[in-house]
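Work through the exercises below with the sequence and the 3D structure in view, and try each task before reading its solution.

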Amino acid sequence: MSRIAATFDRLNSEGRKALIPFVTAGDPRPDVTLPLMHALVAAGADVIELGMPFSDPMADGPAIQLANERALASGMTLRKTLDVVAEFRQTNRDTPVVLMGYLNPVEWMGYETFVGRAAEAGVDGLLMVDMPPEEGEGLVPYAKAAGLDLIYLVTPTTTHERFNAIVERASGWIYYVSLKGITGANTLNVDEVEQKLDWMRQHTDLPICVGFGISNGEIAARVAKVASGVIVGSALVRIVEAQQSQSADEISSQVSQLLGDMRSAMDRP
Amino acid sequence: MSNQNDNATDFHTFPDATGHFGPFGGRFASETLMDALDELSAMYTKLKDDPDFQAEFDKDLAHYVGRPSPLYFAERLTQKWGGADIYLKREDLNHTGAHKVNNTIGQALLAKYSGKPRVIAETGAGQHGVATATVAARLGLECVVYMGAEDVERQKLNVYRMRMLGATVIPVTSGTQTLKDAMNEAMRDWVTNVDNTYYIIGTVAGPHPYPTLVRDFNSVIGREARRQIQEQTGALPDALVACVGGGSNAIGLFWEFLNDRGVDIYGVEAGGHGLSGDEHAAPLSKGRPGVLHGNRTYIMADDDGQIMGTHSVSAGLDYPGVGPEHAWLKDSGRAQYVAATDEEALDAFRELTRVEGIMPALESSHAVAYAKKLAPELGKGKRIIVNLSGRGDKDIHTVAGIDGLTI
């Protein structure tokens with residue numbers, strides 16, 4: 001069983017929901033990422049989504065665009081991102097790490113090389129934003145062979161037909177994008193999300209986690225009632241932005257505070 | 001793959017149903033866009049063979065754009081260069097001064113048929129933005145144009161033109177603040193406002209079906225040129241030459257001739273300060289295949305796969321990717337891609353202006369510059385069609401600046 005499936009099984013048996021923070025690797029500096037990942041786990045993260053920085057993050061809003069720019073400006077690369085995961089794995093054997101990003105840096109490194117290095121580093125899953133299921137033939141066979149989970153986005157506009165094609169290929173969990181638009185937008189309708197999730201559950205047994213528009217403990221708790229987990233990105237990345245000139249410890253502690261709030265709100269009966 | 005240029009390959013059968021030109025093209029887009037792209041594909045598939053839609057498009061091209069554009073035999077230039085006969089396809093004479101309007105007329109019709117009241121566009125130098133704002137004004141559509149903040153500063157005249165036409169110009173401050181970032185921002189707008197918004201992409205790039213529909217709307221250039229050269233000379237040309245940034249004017253000229261194996265095809269990229277360094281915009285000459293803006297194509301990126309900033313004296317060629325059909329034509333061997341430097345383009349700009357009284361856009365000047373090399377190689381009695389994709393009025397400030405003058 002993959003580390004991701006084991007995590008959702010454990011949460012399920014405990015009656016808890018997954019809290020999945022997203023941070024961009026190398027934001028604001030490469031040396032911040034490792035201590036930040038450990039701090040996220042200490043604050044209650046069940047899975048870590050680590051952004052692979054890219055120069056042209058088309059599906060992201062301003063907060064994550066700037067995170068990508070800060071990371072690249074401070075010398076972060078895909079190779080270094082994989083190194084950070086390998087280092088994280090030396091002391092954390094349990095928390096799944098999913099790499100999220102855009103296809104070009106991965107294609108540039110070579111699909112086979114990338115997947116080999118990612119698996120060796122201890123990466124558990126991949127979410128390639130600009131690789132819909134129909135364009136996966138380059139990467140997917142290698143990822144499957146290496147046992148990496150492939151996480152796909154589903155949106156409010158995804159048709160039934162597309163949804164079926166996605167669940168056929170997906171593993172790990174389904175990432176439900178709760179609203180139309182880019183990351184960091186802020187209008188999420190929990191009732192609509194619940195309806196959509198009910199429908200999706202009739203067609204898949206995979207856990208369904210919800211992201212986009214989750215910015216505080218209250219929203220996280222409400223979404224966690226209806227989903228298998230919540231993904232929080234821009235709200236954390238904005239804290240990194242505000243604290244960018246601070247030490248790694250200070251950044252980690254500020255980010256942990258918000259994540260901890262979300263954890264307590266979600267775990268409240 | 002380099003032996004596909006045999007008579008067996010029918011180049012008019014590309015792309016396949018999912019938008020692939022061999023290994024290139026496709027739809028590398030976020031799930032958030034897939035439904036909108038499916039909807040656009042379905043609408044376009046239905047309309048492209050609809051006689052009413054085609055009649056409306058043809059009528060607009062005739063009476064609003066002023067087509068057909070002339071195919072002009074440049075006799076003095078031919079004599080001066082001492083080689084092949086030079087014919088200029090005069091897209092510079094179109095309404096708004098470039099080939100760009102062929103595409104915006106077509107896509108504005110798609111917007112109209114889709115019932116969406118708002119159109120958005122990305123623009124580099126502002127030519128596509130102006131062409132979009134123009135058709136939006138004519139159809140009474142709300143128009144928002146994304147433009148890199150650096151380009152807004154460099155192209156004040158076009159920014160003002162767009163505003164006069166009623167468009168809102170939004171400066172984009174992310175990334176390198178140029179065309180590629182404007183395209184990212186337009187995509188983000190589209191994802192957010194897809195219910196009421198049609199995205200008019202300005203070149204043969206982007207996710208399927210954009211490379212196909214932008215090509216189809218521009219292919220009128222080659223259809224006219226093929227007929228005109230036969231009327232004027234009784235034969236097909238020996239070579240075609242066009243500049244390639246994203247590549248919409250080039251594919252527009254080339255497409256009708258792709259199965260005419262006797263016609264050599266040359267795309268001319270922006271060589272900037274020369275292909276030996278990094279200061280150019282020549283992904284087909286110096287890049288490698290990757291994924292950018294929704295399709296697989298040749299791109300310019302650093303060792304880590306991060307998209308590189310590009311350089312060209314001509315803002316319209318200043319783009320790190322290229323349309324996927326060009327990538328396919330290169331790898332299949334059907335077309336050759338070469339480059340002209342800033343300096344060669346500027347010389348060509350001046351020469352055509354002085355010898356023929358035609359001031360070409362700096363983009364088109366790259367094609368003229370390569371034709372100057374090709375003409376003596378082909379020799380007398382041969383025929384070259386050069387796509388004069390736009391007029392040079394917009395570049396007078398740039399050229400004057402290089403001459404040390406402030407106008």
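The exercises that follow concern a predicted model, and each task is followed by a worked solution.

**Exercise 1. The overall form of chain A**

Task: Find out which helices and strands chain A contains by number, and decide whether its radius of gyration agrees with that of a compact globule.

Solution: Begin with the secondary structure, where chain A shows 12 helices and nine strands. Next, take the length of 269 residues, for which a compact globule would have a radius of gyration near 18 Å. Chain A has 17 Å, which agrees with that expectation. Finally, look at the extent along the principal axes, where the C-alpha atoms of chain A fill a box of roughly 45 × 40 × 35 Å.

**Exercise 2. Inside and surface of chain A**

Task: Describe what share of chain A is buried, and what its exposed surface is made of.

Solution: Of the 269 residues in chain A, 62% are buried, where buried means under 20% relative accessible area. Turning to the contacts with a separation of 6 or more, residues 24 or more positions apart account for 72% of them in chain A. The area that chain A exposes is about 10100 Å², and carbon and sulfur atoms supply 47% of it. As a last step, consider the charges: chain A has 22 positive and 34 negative ones, and the mean positions of these two groups are 3 Å apart.

**Exercise 3. Two cis peptide bonds**

Task: Locate the cis peptide bond that ends at A:Pro28 and the one that ends at B:Pro209.

Solution: In chain A, the cis bond joins A:Asp27 and A:Pro28, with omega about -5°. A:Pro28 lies in the loop between strand S1 (18–24) and helix H2 (30–42) of chain A. In chain B, the cis bond runs from B:His208 to B:Pro209, with omega near 15°, and B:Pro209 is found in the loop between strand S8 (197–199) and helix H9 (210–218) of that chain.

**Exercise 4. Positive phi outside glycine**

Task: Are A:Phe212 and B:His293 buried or exposed, and where do they lie?

Solution: Start with A:Phe212, a residue other than glycine whose phi is near 80°. A:Phe212 is in the loop between strand S8 (208–211) and helix H10 (217–226) of chain A, and it counts as buried because its relative accessible area is 9%. Then take B:His293, which has a positive phi of about 50° although it is not a glycine. B:His293 is in the loop between strand S11 (288–292) and strand S12 (295–299) of chain B, and its relative accessibility of 1% means that it, too, is buried.

Technical notes: Residues are numbered from 1 along each chain as its sequence is written. Chains are lettered from A and ligands numbered from 1 in the order in which they are written. This is a predicted model: local features need pLDDT of at least 70, side-chain atom pairs count only at pLDDT 80 or more; totals for chains, interfaces and linings use all residues. Side-chain values use heavy atoms; hydrogens and water are left out. Helices (H or I, at least four residues) and strands (E, at least two) are DSSP runs, numbered from the N terminus. The radius of gyration is taken over C-alpha atoms; the globule rule is 2.2 Å times the number of residues to the power 0.38. Buried means under 20% relative accessible area, exposed over 50%, partly exposed in between (1.4 Å probe, protein chains only). Contact means heavy atoms within 4.5 Å. Accessible areas come from the Shrake-Rupley method with a 1.4 Å probe; for residues, only the protein chains shown count as cover. Lys and Arg count as positive and Asp and Glu as negative; His and the chain ends are not counted. The place of a charge is taken as NZ of Lys, CZ of Arg, CG of Asp or CD of Glu.
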